[in-house]
Amino acid sequence: MALKGNLRDFSTTQLLNLINLAKKTGTLVVEGPNQAAQLAFRNGKLIYGQLAQEDGNLTSILHKAGKLNDEQARVLRERAARSTDKELGLLLINAGYVSQTDILLSIRAHVLDIVYRLITWVEGLFRFEQGVMPSEDRITVPIELENVIIEGARRMREWERLVEELPSLDMALKFTEHPNVNIRDMKLSVEEWRVVSFINPKNSMKAIAKQNNLTDLEIRRIVYGLLQAGLVEVIRPEGAPRPLPFGLSPRKPSPPTPAEKTAARGLVNRLIARIRSL
Amino acid sequence: MQTVKMVVTGPFNSGKTQFIQAVSEIDVVSTERRITSEAERIKENTTVAMDFGRITVDADLVLYLFGTPGQKRFDFMWEILSEGMLGFVVMVDSTRPETFREAKSILETFRAYAPTPYVVAANKQDNDEAWPIEDLRIALRLAPEIKLIPCVATEREKVKTVLLELLYSILAEMETS
Ligand SMILES: Nc1nc2c(ncn2[C@@H]2O[C@H](COP(=O)(O)OP(=O)(O)OP(=O)(O)O)[C@@H](O)[C@H]2O)c(=O)[nH]1
Ligand SMILES: [Mg+2]
């Protein structure tokens with residue numbers, strides 16, 4: 001069993017959705033044409049990220065976040081080159097340079113920066129290495145993926161992909177029965193909330209877009225985000241033709257008689273018996 | 001004599017011909033053609049019109065299995081094929097994520113032509129490169145109530161399971177409507 005492919009065919013946003021819903025633990029390795037990145041997950045939460053061409057150590061992260069000035073970063077690189085991130089973190093907290101919150105927020109921002117960059121890659125070989133975790137000395141920060149996915153959809157530029165994902169705006173939406181998060185905890189924009197408020201098996205996406213003055217592109221982008229975050233499902237609008245039992249032509253307006261129903265059932269049972277005997 | 005039909009659909013090279021061949025009592029009358037376009041040259045032959053298999057049930061009932069052509073330019077046939085079908089199977093090549101999006105779109109297209117029951121067969125599960133079933137379900141965004149069945153089209157027992165699951169769904173649909 002493998003979980004690998006190319007971002008051309010299966011995007012970062014889709015991968016995040018998969019990892020989130022399947023609550024996966026392991027490392028996603030992506031090799032793009034010019035750069036490579038790794039993201040680590042525990043039980044479906046993003047915990048760590050690293051770009052191949054960056055050292056990704058704590059000094060650099062805090063420097064980038066403006067928590068250490070150039071001079072401090074230079075000194076630490078010289079003197080603390082051998083300490084692990086965890087040791088260094090303790091040292092800096094004890095010396096009063098930064099707080100624990102500074103460290104956690106800076107790492108979080110660093111990891112989010114990597115994941116948002118990865119979301120813009122349109123090409124790159126990926127593989128998911130089940131169970132592989134960052135080395136023990138790294139500091140990890142768990143980040144819920146739903147908001148990351150919604151943000152990813154907002155940044156999506158590929159119109160064709162959205163059309164492929166959501167070919168028909170005549171379909172309706174409904175909330176998934178067991179979402180991983182409560183929708184109230186999501187950081188949605190005003191427009192997204194308005195779309196959410198119209199979600200109902202009776203309203204087609206087209207109707208929702210019309211109510212909210214959204215273009216086809218805008219409604220698709222919003223729905224795509226909600227869909228990938230596992231909050232909604234696409235369904236046939238209520239009132240559309242119901243599946244017909246076999247043997248009844250769609251033109252026939254009257255409901256099947258009990259005799260017709262029995263005959264149709266009998267036929268299917270004969271098919272079942274025959275296939276079992278093959 | 002009554003005839004009924006089921007349709008086997010799915011992207012290029014997903015194993016539709018193989019699937020029908022595994023259970024058909026006649027040689028699948030597939031209208032195969034050697035592949036000319038470079039892009040699709042991962043195999044020797046492709047189905048250009050349709051596959052056609054038969055299972056005789058008894059003296060007065062015959063089941064036909066139709067396989068759709070895999071390549072996009074034969075889309076026009078799908079509507080004709082889907083008319084009056086009992087249900088359909090969507091074959092997915094579990095080893096090729098580049099085809100998942102198309103599989104999903106074929107599924108949605110068929111569902112629009114004919115609101116009959118269907119199942120999804122995760123084919124080539126014998127291959128090391130195959131995506132696991134649970135990951136495929138999410139990748140194809142299949143709701144929990146939609147059956148996604150592991151399949152190896154070269155093995156008759158696996159193919160039988162897929163067809164039986166489809167028939168059970170058809171029966172269940174009759175009970176509720
Ligand atoms: N390992 C493995 N190979 C399979 C399986 N099913 C089909 N194949 C192989 O996959 C290739 C494609 O199978 P076909 O049955 O021709 O696929 P198709 O969907 O009819 O292809 P088109 O008609 O061209 O769209 C062939 O080489 C088959 O032998 C399977 O379950 N496992
Ligand atoms: Mg074929």
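Chain A and chain B bury about 4,200 Å² between them, and carbon and sulfur atoms give 61% of that area. Buried area here is the accessible area (1.4 Å probe) that two parts lose on being put together, summed over both. On the chain A side, A:Met1, A:Ile275 and A:Leu278 lose the most area to chain B, together 16% of what that side buries. Counting contacts (heavy atoms within 4.5 Å), 41 residues of chain A touch 45 residues of chain B.

A word on the model: it is predicted, so local features need pLDDT of at least 70 and side-chain atom pairs count only at pLDDT 80 or more, while totals for chains, interfaces and linings use all residues. Residues are numbered from 1 along each chain as its sequence is written, chains are lettered from A and ligands numbered from 1 in the order in which they are written, and side-chain values use heavy atoms, with hydrogens and water left out.

**Across the interface**

Six salt bridges cross from chain A to chain B, a salt bridge being a side-chain nitrogen of Lys or Arg within 4 Å of a carboxyl oxygen of Asp or Glu. One of the salt bridges in the model joins the side chains of B:Asp60 and A:Arg270 at 3.0 Å, N to O. The interface also holds 13 residue pairs in polar contact, both residues at pLDDT 80 or more. A polar contact is a pair of N or O atoms within 3.5 Å; within protein, one must be able to donate a hydrogen and the other to accept it, and residues adjacent in sequence count only if both atoms are side-chain atoms.

The elements of chain A that give two or more residues to this side are β1 (4-6), α1 (12-21), α7 (159-165), α10 (216-228) and α11 (258-277). Helices (H or I, at least four residues) and strands (E, at least two) are DSSP runs, numbered from the N terminus. Helix α11(A) gives the most, with twelve residues. That helix lies across β1 (2-9), β4 and β5 (61-67) of chain B, running at about 100° to β4(B). Such angles run from 0 to 180 degrees between N-to-C directions, with axes fitted to C-alpha atoms, for helices over the stretch in contact.

**The two sheets**

Each sheet below is open; strands pair if DSSP finds at least two bridges between them.

| Chain | Strand order | Pairing | Average turn between neighbouring strands |
|---|---|---|---|
| A | β1-β5-β2-β3-β4 | antiparallel | 20° |
| B | β4-β5-β1-β6-β7-β8 | mixed | 25° |

In chain A, β1 and β4 (45-51) stand at the edges with a single partner strand each, so one side of each has no neighbour in the sheet. Three bridges join β1(A) to the antiparallel strand β5 (residues 125-130) of chain A, and A:Gly5 has A:Phe126 as its bridge partner in β5(A).

In chain B, the edge strands are β4 (51-58) and β8 (148-150), each with a single partner strand, so one side of each is left without a neighbour in the sheet. Strand β7 (residues 118-123) of chain B runs parallel to β8(B), joined by three bridges; B:Ala121 is paired with B:Ile149 in β8(B). Helix α1 (residues 16-23) of chain B packs on the sheet, touching β1, β4, β5 and β6 (87-93) of chain B, and its direction makes about 25° with that of β4(B).

**A link within chain A**

Over all chains, the whole structure has 28 salt bridges. A:Arg8 forms a salt bridge with A:Glu123, the closest N and O atoms being 2.9 Å apart. This pair links distant parts of the chain, 115 residues apart: A:Arg8 is in the loop between β1 and α1 of chain A, and A:Glu123 in the loop between α5 (100-119) and β5 of chain A.
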